[in-house]
Every structure is written in structure tokens, then in C-alpha cells.
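Dear colleague,

I am handing over a structure for you to look through alongside this message. Please open it first and keep it beside you while you read the notes below.

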Amino acid sequence: KQFKPKVLFLYSSNNRAYPDSWAQKISSAYLNKEVIKINDVGHSGMFDQLDVWTNETEPKVLDYLRSI
């Protein structure tokens, strides 16, 4: 809870090993955070599916980087 910089957590909706409950639990250690679920893909789909990367993941990452 003492870590001050903003932390970005990205996870995918189809990754059964990382459900919403786990995303909330793991991110709860940080006060300043942004938790984003990328829908309709598995873990690697956030990065290797060009349409998902271009339209969802990349803009979120760039927004985060601009905010820190």
C-alpha cells in the first residue's frame, strides 16, 4: 500500500487462470491502480491479435504511459 506510482493491470476475459476475482485480489495491494479486462481473448490474444492490440490493448497501454 506504500507504493505510490500508478500500476496498470491488464488481463483477458478468456483466461480461466486469471478471473475477475483474481484480478481484484492481486491488484488490491496497490492504492493507485487501473485494472482493465480485455474482452473476448485469451492471455496472448491481448498482444498477438492485431485488431485487439490496435483497438484495445495498445490505446490502454499508451494512455497509462502518458499518465505516469
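A residue is called exposed when its relative accessible area is over 50%, buried when that area is under 20%, and partly exposed in between. Please keep in mind throughout that this is a predicted model.

With those cut-offs in hand, we can begin with Arg-16, which belongs to the loop between strand E1 (7-12) and helix H1 (20-27). Its relative accessibility is 83%, and therefore Arg-16 counts as exposed. If you follow the chain from Arg-16 to Asp-51, you pass along 35 residues in sequence, while the C-alpha atoms of Arg-16 and Asp-51 lie 22 Å apart in space.

Stepping back to the whole protein, you will find three helices and two strands, and these come in the order β-α-β-α-α when you read along the sequence. The C-alpha trace spans about 35 × 30 × 10 Å along its principal axes. Of the contacts between residues at least 6 apart in sequence, 63% join residues that are at least 24 apart.

Is Thr-57 buried or exposed? Thr-57 has a relative accessible area of 0%, so it is classed as buried. This residue sits in helix H3, which covers residues 50-67. Leaving aside residues up to four places away in sequence, Thr-57 touches Leu-10, Ile-38, Met-46, Phe-47 and Val-52. In the protein as a whole, buried residues account for 24% of the 68 residues.

At the other end of the scale, you may like to look at Ile-68, which is placed in the segment after H3. Ile-68 has a relative accessible area of 58%, and so it is exposed. Together with Leu-62 and Leu-65, Ile-68 makes a nonpolar surface patch of about 270 Å². For the protein overall, the exposed area is about 4800 Å², and carbon and sulfur atoms supply 53% of that area.

Finally, there are the charges to consider. The protein carries 9 positive and 8 negative side chains, and the centre of the positive set lies 13 Å from the centre of the negative set.

When you go through the model yourself, you could start from Arg-16 in its loop, continue to Thr-57 in helix H3, and end with Ile-68 in the segment after that helix.

With best wishes

Conventions. Residues numbered from 1 in each chain as written. Predicted model: local features only at pLDDT ≥ 70, side-chain atom pairs only at ≥ 80, totals over all residues. Heavy atoms only, no water. Helix = DSSP H or I, 4+ residues; strand = E, 2+ residues; numbered from the N terminus. Buried < 20%, exposed > 50% of the residue type's maximum accessible area, 1.4 Å probe, protein only. Contact = heavy atoms within 4.5 Å. Areas by Shrake-Rupley, 256 points an atom, 1.4 Å probe, with all protein chains shown as cover. Lys, Arg positive; Asp, Glu negative; His and termini not counted. Charge placed at Lys NZ, Arg CZ, Asp CG, Glu CD. Patch = residues over 30% accessible without salt bridge, like charges linked within 9 Å, V, L, I, M, F, W, Y side chains within 5 Å. Salt bridge = Lys/Arg side-chain N within 4 Å of Asp/Glu carboxyl O.
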